[in-house]
Amino acid sequence: MIPTEEHDASAPLLDGRYRLEQAIGQGGMSVVYRGVDESLHRPVAIKLFHAGIVDIARQEAELGVLASLEHHNLVSLLDAGVVTSQDGTQQRYIVMSLVVGQDLEERLSVGPLASRHIAEIGYDMAEALDYIHANAVVHRDIKPSNILLVDYGNASERARARLTDFGIALAAGVERLTADGVTTGTAAYLSPEQGRGGEVGPPSDVYSLGLVLLQCFTRRREFPGSLVESAVARLSRDPVVPEPLPEHWKHLLRAMTAQDPAARPLGPELVTMLRDVVIAETAAPDHVVEPTDETAPVPTRSETDRPATLDTLPNESLQRTTTMAARLFDAPIALIEVLDEDREWSQSYIAEGIDEAARSISFTNGFAPVPVPVVIPDGSAHPEMRNSPLVTGPLGIRFYVSVPLVRHDGAPIGTLAVLDTRPRQATEDDLANLRDLAALAVSQLEIRQESLRTTSDSLPVPRVGGDHTA
């Protein structure tokens, strides 16, 4: 029984049974609370969906399917219900087991994982996917924050993992828990077929898990950014698997993230592959695979370390670059992102009168530059993009062109893109002009970097400890 002093008796009571305590998670669809089941006196996790997010009348069948799932690598669905406010608004809630421990995203922010533990997490998730797929359920949102690392309080080194958050799962023959037209999943972990609005099945979950396991080594998202940037990068290239990884890892990750869904291992095959990796890692000396220079997280200076004048130069330069790029193509939207040695930069140009949805096309933490130019004359006729929310949504984007930002040593460090609502072509002269703009932006950033190095070299080295001179 939960002692009375461990929860607040004055906290809101949901549906006459569940005491809501502090919020422990929040997303676009719902808020997750730590709570107490007053009938059974046990801690639970309660997901309360925002009003209007889900069609309550059409989801009972799916909830029945999800409630029937029972597996040691899943967070169980215990109960579900609907609450009605005084104004008649209805909200769906679901009650799940409360798992004590970190989620994988939190764990990766602390430091690297030993490859043996990554293998164990992957094996647990492979078993979970084998089980739910055999029961005609596709999770659709595999990501680090939905993988919980269970702390049983016994000081075990084994990284037991459970899959949670079936809020947007798709069960065969029943409706989704999301409203019609809502893009499901998290941009950085979507499979190529999810990104283009195609048919989503078990291979999609396998692809997303492959990206999660890859991130466990690199500690950065392979396809970061907004939905459109992440989708375009994913359709332009395969994930980069670090060369220092052992062959069994490289083979596994490349198979899981194959562009062709039919080429990805499923069910027992995936379980067997992860089991073999666990055995290989257990037999080898326990170690942490250090990320390569290209994939390692980039340390960020504190704001106080950056001279304001040096930051003003790139900001103004990148803003001017996007404005000129939009003017060059007579287009309403231009975007640029770049990873400098000490920080990430992004700027955008959005013309007046453009739908507010354009404000959501933003660049988030992380970086994955597209290494080659990309030209899509008409997204509505493009086989990979015609079902993209960027094309079918309120923006109605048709034309997309981007070029990489290339450092003087040939390394790609960013992307400059132009988008338009009109179908059109990009000539070789257009691409050459866009490359010139990208080169100018890189030049300004390299000038800034040289200035930062010069400034740093001229500063006195701080002393460590006290002054021991006589």
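**Group meeting: salt bridges and sheets in a predicted model**

I'll start with one residue: Glu-247 has a relative accessible area of 56%, so it counts as exposed. What does the side chain of Glu-247 meet? It forms a salt bridge with Lys-250, at 3.0 Å from N to O. Both residues sit in helix 7, which covers residues 247–256, and they are 3 residues apart, about one turn of the helix. Lys-250, though, is buried, because its relative accessible area is 6%, and the cut-off for buried is under 20%. The pair belongs to a network of salt bridges that links Glu-243, Glu-247, Lys-250 and Arg-254.

Before going on: this is a predicted model. The protein has 470 residues, and 49% of them are buried. It contains 11 helices and 15 strands. Of the contacts with a separation of 6 or more, 66% are between residues 24 or more positions apart. The exposed area is about 22000 Å², with carbon and sulfur atoms supplying 51% of it.

On confidence, the average pLDDT is 77, and 73% of the residues score at least 70. Two stretches need a caution. Residues 173–184 stay under 50, and the model gives them 32 contacts beyond four places in sequence. Residues 291–310 are also below 50, with 33 contacts beyond near neighbours in sequence. Where pLDDT is low, the predicted coordinates should not be read in detail.

Back to salt bridges. The count is 16. One of them joins Glu-38 to Arg-19, with the closest N and O atoms 3.3 Å apart. Glu-38 is in the loop between strand 3 (30–37) and strand 4, while Arg-19 is in strand 2 (residues 18–26), and the two are 19 residues apart. Glu-38 is partly exposed at 24% relative accessibility; Arg-19 is buried at 14%.

Another pairs Arg-221 with Glu-105, at 3.8 Å between the closest N and O atoms. Arg-221 lies in the loop between helix 5 (202–218) and helix 6 (227–236), and Glu-105 lies in helix 2 (residues 104–110), so this salt bridge ties together parts that are 116 residues apart in sequence. Arg-221 is partly exposed, with a relative accessible area of 27%, and Glu-105 is partly exposed too, at 37%.

Now the strands. Which strands pair with strand 6? Strand 4 (residues 42–49) pairs with strand 6 (residues 90–97) in the antiparallel sense over 5 bridges. Strand 5 (residues 77–84) pairs with strand 6, also antiparallel, over 7 bridges. Met-96 in strand 6 stands opposite Ala-45 and is the bridge partner of Leu-77. Strands 5 and 6 form a hairpin with 5 residues between them, and Gly-88 in the turn has a positive phi of about 90°.

Further along the chain there is an open sheet of 5 strands, in the order 12-11-15-14-13, with antiparallel pairing. Strand 12 (344–350) and strand 13 (374–376) are at the edges with a single partner strand each, so one side of each has no neighbour in the sheet. The twist averages 10° from one strand to the next. Strand 11 (residues 333–339) runs antiparallel to strand 12, joined by 7 bridges, and Glu-337 stands opposite Ser-346 in strand 12.

Last, Arg-320. This residue is in helix 9, residues 308–329, and is partly exposed at 49% relative accessibility. Its C-alpha atom is 9.5 Å from that of Leu-437, which is 117 residues apart from Arg-320 along the chain.

Key: Residues are numbered from 1 along each chain as its sequence is written. This is a predicted model: local features need pLDDT of at least 70, side-chain atom pairs count only at pLDDT 80 or more; totals for chains, interfaces and linings use all residues. Side-chain values use heavy atoms; hydrogens and water are left out. Two strands pair if DSSP finds at least two bridges between them. Helices (H or I, at least four residues) and strands (E, at least two) are DSSP runs, numbered from the N terminus. Axes are lines fitted to C-alpha atoms, for helices over the stretch in contact, and angles run from 0 to 180 degrees between N-to-C directions. pLDDT is the predictor's confidence in each residue, from 0 to 100. Contact means heavy atoms within 4.5 Å. Buried means under 20% relative accessible area, exposed over 50%, partly exposed in between (1.4 Å probe, protein chains only). Accessible areas come from the Shrake-Rupley method with a 1.4 Å probe; for residues, only the protein chains shown count as cover. A salt bridge is a side-chain nitrogen of Lys or Arg within 4 Å of a carboxyl oxygen of Asp or Glu.
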